[in-house]
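Subject: Structure handover

Hello,

I am passing this structure on to you. Please look it over, then read the notes below.

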Amino acid sequence: MKKKLVGISLNFDWISSVTEIQKGLNIDKIDKLLCEETDDVLEYISEKGGRVSIFVIGKDLERPVIKKYIKKWFNEGHEIGNHSWSHPVNLGSLSYKRIFDEVYKTELLIQEIIGKKSNGFISPSWSYSKNLAKALIKNDFQYDHSTMPSIQNILTRSAMALKSRKRKESFFKVFSIKLAFFNLFLPSKPHIVSYEEGKILELPTPSLFKTISYWYTPELLVRYFSKIKYKFLDKDGSYIIFHPADYCSFELIPEYKELFSQSKLTKTEREEYFFSYIDELFSSGHTLTTMKNLYESINSID
């Protein structure tokens, strides 16, 4: 029986991506713990024959611990992708030049570290726009997975905006009505986006009926999703997005815990659920692969 390919996208952003870091915080120690715990996750998936796409923040690559582990994970067969330079939650609403610079600066560091250009991109918090698509095409990306064409996108961004006083960006920078509804009416299936600059394959977040979308965090927090996940994941071009907060420890940053909804669960609970989730996917005939491999499987059909 042919196994179902499911892409797996690790959006490798952490506290420095959502809030200003306090002076005196030992960021190297925090980075080391983050990378060690991520290493355990990647090793677990690799032992089962899977691979992960790791989408990294450019300015994080300036820190030696992050740089070291990104190179290590690339050498172990995982994909390294671009997740912007500074993680602006409102990336899609910025000017073309600002978006281009966010992407291009990150690409320069990725190429310096792993010796090659990345193939894919994901925008912070699914902030997608025509300017973003054009900037990605200009930077020669093959695929993007920044769109979430569902009502859940609007609800998710609204919830994020309500927490904006604790984040880097204000309410109206986090929540753009124009972009939220622009995303809602985008196609729900993989599709080519073309402009004069060229074209790119868009891989939308797995969604049903323009109403709800699927990524790992709701699966962790709202067990209702565990009953319906295969309605999303058995579609062609489906993938899973997860974040370090889904499995990592908050013990070195207790003052930042409330920024992450997952922190209401203990580290043990988050770890146990994550690994059992991975086990279930493999045992049910799914293969976790990189987003590049997913792109290539769709591209070959087209």
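Here is what turned up, by topic. Keep in mind that the model is predicted.

Ser84 first. S84 sits in a loop, with strand 3 (79–82) on one side and helix 4 (96–114) on the other. Is S84 buried or exposed? Its relative accessibility is 0%, so S84 counts as buried. The side chain of S84 also has a polar partner. One of its polar atoms is 3.0 Å from the backbone nitrogen of H87. Leaving aside residues up to four places away in sequence, S84 touches V56, I57 and G58. The list goes on with L91, E102, T106, F121 and P124.

Next, the cysteines. How many disulfides does the structure hold? The count is zero. C35 is in no disulfide, and the nearest cysteine sulfur to it belongs to C248. Why do C35 and C248 not bond? Their sulfurs are 8.6 Å apart, which is too far for a bond, because a disulfide needs the two sulfur atoms within 2.5 Å. C35 is buried, at a relative accessible area of 0%. C248 is buried too, with a relative accessible area of 0%.

Last, strand 10, residues 239–242. Both of its faces are covered. Y239 and I241 are buried on one side. I240 and F242 are buried on the other. Strand 10 runs parallel to strand 1 (residues 4–12), and four bridges join the two. Among the bridge partners, G7 is matched with Y239 of strand 10.

Best wishes

Key: Residues numbered from 1 in each chain as written. Predicted model: local features only at pLDDT ≥ 70, side-chain atom pairs only at ≥ 80, totals over all residues. Heavy atoms only, no water. Buried < 20%, exposed > 50% of the residue type's maximum accessible area, 1.4 Å probe, protein only. Polar contact = N/O pair within 3.5 Å; in protein donor to acceptor, adjacent residues only side chain to side chain. Contact = heavy atoms within 4.5 Å. Pairing = 2+ DSSP bridges.
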